Amino acid sequence: MTTSLLNPKVGVFYMAMIQLFLPQDVPPLLMGVLLPLVHNVEGMLWFAGIIAATHYARRWLQSPAVGKTTDRIAGVVLVAFAAKIAASKA
């Protein structure tokens, strides 16, 4: 909740977009609170699913082969970013 409150992009998004989703016959304050609440509940369910999936995949994720592969992919991506920055004109 703190992350959402401290992130100005979330507030700007809701201020700009929430009015498009409000029905005409519903009190705006009630629906204006309900829609972000639904958004946050969906986000919590999504992250709970990710946490559960990683819990079940823990043994595989902790294997040395996966660790080496992850390190290699991250290294290639970082070197590619560095090459792109080095090749670009300032």
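Let's start with burial. Of the 90 residues in this protein chain, 6% count as buried. Keep in mind that this is a predicted model. The accessible surface of the chain comes to about 8200 Å². Carbon and sulfur atoms hold 74% of that surface.

Now the fold. What does the chain contain? Five helices and zero strands. Read along the sequence, the pattern is α-α-α-α-α. The radius of gyration is 21 Å, and the globule rule gives 12 Å for 90 residues, so the chain is more spread out than a compact globule. For the overall dimensions, picture a box of roughly 55 × 45 × 20 Å, taken along the principal axes. The C-alpha atoms fill that box.

Next, helix 5. This one runs over residues 64-87. It has 24 residues. From first C-alpha to last, helix 5 reaches 34 Å. That is close to the 34 Å expected at 1.5 Å a residue. How many of its 24 residues are buried? One. Helix 5 is hardly covered.

On to helix 3, residues 28-56. Leu37 lies here. Is Leu37 buried or partly exposed? Its relative accessibility is 48%, so Leu37 counts as partly exposed; the buried class needs under 20% and the exposed class over 50%. Leu37 also belongs to a nonpolar surface patch. The other members are Leu34, Val38, Val41, Met44 and Leu45. Together they make about 560 Å² of patch.

Stay in helix 3 for Ala48. Its relative accessibility is 43%, so Ala48 counts as partly exposed too. Now pair Ala48 with Ile18. In sequence, the two are 30 residues apart. In space, C-alpha to C-alpha, they are 26 Å apart.

Back towards the start of the chain. Helix 2 covers residues 8-17, and Pro8 sits in it. Which class does Pro8 fall into? Exposed, because its relative accessible area is 58% and the cut-off for exposed is over 50%. Here is one more distance. Pro8 and Thr54 are 46 residues apart along the chain. Their C-alpha atoms are separated by 30 Å.

To recap. The chain has five helices and zero strands. Its radius of gyration is well over the globule value. Buried residues come to 6% of the 90. Helix 5 has one buried residue. And the nonpolar patch, with Leu37 among its members, covers about 560 Å².

Conventions
Residues numbered from 1 in each chain as written. Predicted model: local features only at pLDDT ≥ 70, side-chain atom pairs only at ≥ 80, totals over all residues. Heavy atoms only, no water. Patch = residues over 30% accessible without salt bridge, like charges linked within 9 Å, V, L, I, M, F, W, Y side chains within 5 Å. Areas by Shrake-Rupley, 256 points an atom, 1.4 Å probe, with all protein chains shown as cover. Salt bridge = Lys/Arg side-chain N within 4 Å of Asp/Glu carboxyl O. Helix = DSSP H or I, 4+ residues; strand = E, 2+ residues; numbered from the N terminus. Buried < 20%, exposed > 50% of the residue type's maximum accessible area, 1.4 Å probe, protein only. Expected span 1.5 Å × (residues − 1). Rg over C-alpha atoms; globule rule 2.2 N^0.38 Å.
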